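Consider the chain shown below. The paragraphs that follow take up its overall form, then its helices, and then some side-chain contacts.

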Amino acid sequence: MLGVFPALAVDMVEVGESTGALPQMLTSVAEFYEDEVNTRLQRTLLWVSPAILVVMAVVIGLVLIALYLPMFSLGSAGGA
């Protein structure tokens, strides 16, 4: 089961079984991993907003280049 569950969770369940406090230990394990998931989720969400902003800036920049490059090409070709 060590490959499926983290070693800390397995150890805590073993301690809960040996002391007879398995329900309390399972609650403690669940709260610990819930806090860890929430922390990782918040850390990931901090990077999502700037990443979307950068991607949108690149897309808008490419659209502007695609629109203005032909205009500049026509202007320089017509003047020569």
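The chain holds two helices and zero strands. The model is predicted. Helix α1 covers residues 7-19, and helix α2 covers residues 22-79.

How does the radius of gyration of the chain stand against that of a compact globule of 80 residues? The chain has 28 Å, where such a globule would have a value near 12 Å. The extents of the C-alpha trace add to this description: along the principal axes of the chain, the trace spans about 90 × 20 × 10 Å. Of the 80 residues, 8% are buried; the cut-off for that class is a relative accessible area under 20%. The accessible surface of the chain comes to about 6700 Å². Carbon and sulfur atoms account for 73% of that surface.

Helix α1 can be checked against its expected length. With 13 residues at 1.5 Å a residue, α1 should span 18 Å, and its end C-alpha atoms are indeed 18 Å apart, so the two values agree. Which residues of α1 are buried? They are A9, V10, M12 and G16. Seen down the axis of α1, these buried residues fall within an arc of 165°, and therefore they line one face of the helix. S18 and T19, on the other side of α1, are exposed. For S18 the relative accessibility is 61%, and because exposed means over 50%, this residue belongs to that class. Just after α1, G20 takes a positive phi of about 85°.

Helix α2 carries the next group of residues. A search of the whole structure finds one salt bridge, and its partners are the side chains of E36 and R40, which meet at 3.1 Å, N to O. Both residues lie in α2, four residues apart, or about one turn of the helix. Why does this spacing suit a contact between side chains? An α-helix has 3.6 residues a turn, so residues three or four places apart point the same way. The partners fall in separate accessibility classes: E36 is partly exposed, with a relative accessible area of 28%, whereas R40 counts as exposed at 51%.

Other positions in α2 can be described in the same terms. V37 lies in this helix and counts as exposed at 53% relative accessibility. V58 is also placed in α2, but at 47% V58 counts as partly exposed. These two valines fall on either side of the cut-off, because exposed means over 50%.

The aromatic rings give two pairs. One of them joins F32 and Y33 in an edge-to-face arrangement, with 5.0 Å centre to centre and 80° between the planes. F32 is partly exposed, with a relative accessible area of 39%.

Finally, some C-alpha distances relate positions along the chain. How far apart are V37 and V4, which are separated by 33 residues along the chain? Their C-alpha atoms are 17 Å apart. S18, in helix α1, is 29 residues from W47 along the chain, and the C-alpha atoms of S18 and W47 are separated by 43 Å. For V58 and G16, which are 42 residues apart along the chain, the C-alpha separation is 54 Å. G16 is one of the buried residues of α1, while V58 is a partly exposed residue of α2.

Key: Residues numbered from 1 in each chain as written. Predicted model: local features only at pLDDT ≥ 70, side-chain atom pairs only at ≥ 80, totals over all residues. Heavy atoms only, no water. Rg over C-alpha atoms; globule rule 2.2 N^0.38 Å. Buried < 20%, exposed > 50% of the residue type's maximum accessible area, 1.4 Å probe, protein only. Areas by Shrake-Rupley, 256 points an atom, 1.4 Å probe, with all protein chains shown as cover. Phe/Tyr/Trp six-rings, centres within 6.5 Å; stacked < 30°, edge-to-face > 60°. Expected span 1.5 Å × (residues − 1). Arc of directions from axis to C-beta. Salt bridge = Lys/Arg side-chain N within 4 Å of Asp/Glu carboxyl O.
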